[in-house]
Amino acid sequence: MAIIADYQEEEENPSSTSTYNATLDHSNPLAFLRAAFLFVSRETDFFKREAAEKEVAVLAREIREEERKKKAAERELEEKGKAEKRLKESREEHEKKAEKAKEKVEDVKMDDAKAEEKKEGTLVPNSGNGLDLEKYSWTQTLQEVTVTVPVPPGTKSRFIVCDIKKKHLKVGLKGQPPIIDGELSKTIRPDDCFWSLEDQKSVSILLTKHNQMEWWKSLVKGDPEIDTQKVEPENSKLSDLDPETRQTVEKMMFDQRQKSMGLPTSDEMQKQDILKKFMAEHPEMDFSRAKIS
């Protein structure tokens, strides 16, 4: 009996799923929906329920709301992308303008520096307190001047012409016009000078100054001059000097800095201190017209 009952129950409850095949014509979607509804009507009692029409309408509204949200999300994503693109373009444009403004400022500074040099007739020294010229360069300390003259690679020392005198320097290659041939701006000690060929591509000349307490403005007379007030000696070299010379050099460096800033030198400051002390000792005197010379 149990077996028969199970069989009867199985006959009364056929499969709960059915297969539906249809083709959607994009120009007539309602025909597709009608066919789907007819299939549901044949296979189920869904449309026999009083709430069927309402439930279909609710489903249609939900689908339409989902589609609206999807479109809104796509628009938001698109607008976000456009906003990010505009922000990126704006940032790039701002950076370009800032870079142009920076270049303009640098150009103005360079023009001002050139104008100042032209106005003063002097040039800013190179890192070695000398000057880089077209055919050679030179650097200096208080004691020495080093000249570097480029020559064709592979040049032999026997082809070098280097004549060092107390007030004159001549450097070049045999059979060719001299590269340097002029009167030195200051005197030197020829016996303490020498030259060497470096890597067969440049001549290095060491000149020992006669007066080792002054800076040279140029190597030879007639060359462009540097502004000696802008010379920056290496502090580490001061330790090599004797106490008296070091004191003199430090005083000279201080005075150069003061002059470049428009401030009184050490001598002028000393005179001011003497005058102030004298004024304090003689309050009865009128110093309103006193001048320090």
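**A walk from a pocket to a threonine**

Let's start with an empty space: the second largest pocket holds about 220 Å³. Keep in mind as we go that this is a predicted model. How do you spot a space like this? Rolling a probe the size of a water molecule over the atoms shows where empty space is left.

Which residues line the second largest pocket? They are Phe32, Leu33, Ala36, Phe37, Val40, Phe46, Phe47, Glu55, Val56, Leu59, Ala60 and Ile63. Try finding them in the structure above. Two helices, H2 (29-43) and H3 (52-120), each give at least two residues to this lining. Sort the lining by class and you get eleven nonpolar residues, no polar ones and one charged residue. Glu is counted as charged, so the charged member of the list is Glu55.

Some of those lining residues are worth a second look. Searching the whole structure turns up two aromatic pairs. In one of them, Phe37 and Phe47 meet edge-to-face, with 5.5 Å from centre to centre and 65 degrees between the planes. Phe37 sits in helix H2, while Phe47 sits in the loop between H2 and H3, so this pair ties together parts that are ten residues apart in sequence. The rings of Phe46 and Phe47 have centres 5.1 Å apart and planes at 80 degrees, so that pair is edge-to-face too. Put the pieces together and Phe37, Phe46 and Phe47 make one aromatic cluster.

Are Phe37 and Phe47 buried or exposed? The answer falls in between: Phe37 is partly exposed, with a relative accessible area of 37%, and Phe47 is partly exposed as well, at 34%.

Now move on to the strands. Five of them form an open sheet in the order S2-S3-S4-S9-S8, with antiparallel pairing. At its edges are S2 (131-132) and S8 (194-198), each of which pairs on one side only. Begin at the S2 edge: S2 and S3 (residues 137-140) run antiparallel and are paired over two bridges. Leu131 has Trp138 in S3 as its bridge partner.

Now hop across to the S8 edge. S8 and S9 (residues 202-208) pair in the antiparallel sense too, over five bridges. Here Phe194 has its bridge partner in S9, namely Leu206. S8 and S9 make a hairpin with three residues between them, and in that turn Asp199 has a positive phi of about 55 degrees.

Another hairpin is found at S5 and S6. Strand S5 (residues 160-164) is joined to S6 through three residues. The two strands run antiparallel, with five bridges between S5 and S6 (residues 168-173). One partnership to look for is Ile160 with Leu173 in S6. S5 also has two faces: Ile160, Cys162 and Ile164 are on the covered one, while Val161 and Asp163 are on the uncovered one.

Our last stop is Thr265, in the loop between helix H4 (243-260) and helix H5 (266-281). Is Thr265 buried or exposed? Its relative accessible area is 9%, and buried means under 20%, so Thr265 counts as buried. Which residues does Thr265 touch, if we skip those up to four places away in sequence? Thr265 touches Asp255, Gln258 and Lys259.

Terms used
Residues are numbered from 1 along each chain as its sequence is written. This is a predicted model: local features need pLDDT of at least 70, side-chain atom pairs count only at pLDDT 80 or more; totals for chains, interfaces and linings use all residues. Side-chain values use heavy atoms; hydrogens and water are left out. On a 1 Å grid over the protein atoms alone, a cavity is a set of points where a 1.4 Å probe fits but cannot get out, and a pocket is an open set with protein on both sides within 12 Å along at least five of seven lines; lining residues have an atom within 4 Å of a point. Grid points are joined across faces, edges and corners, and a volume is the space filled by probe spheres set on the points. Helices (H or I, at least four residues) and strands (E, at least two) are DSSP runs, numbered from the N terminus. Buried means under 20% relative accessible area, exposed over 50%, partly exposed in between (1.4 Å probe, protein chains only). Two strands pair if DSSP finds at least two bridges between them. Rings of Phe, Tyr and Trp (its six-membered ring) pair if their centres lie within 6.5 Å; planes under 30 degrees apart count as stacked, over 60 as edge-to-face and the rest as tilted. Contact means heavy atoms within 4.5 Å.
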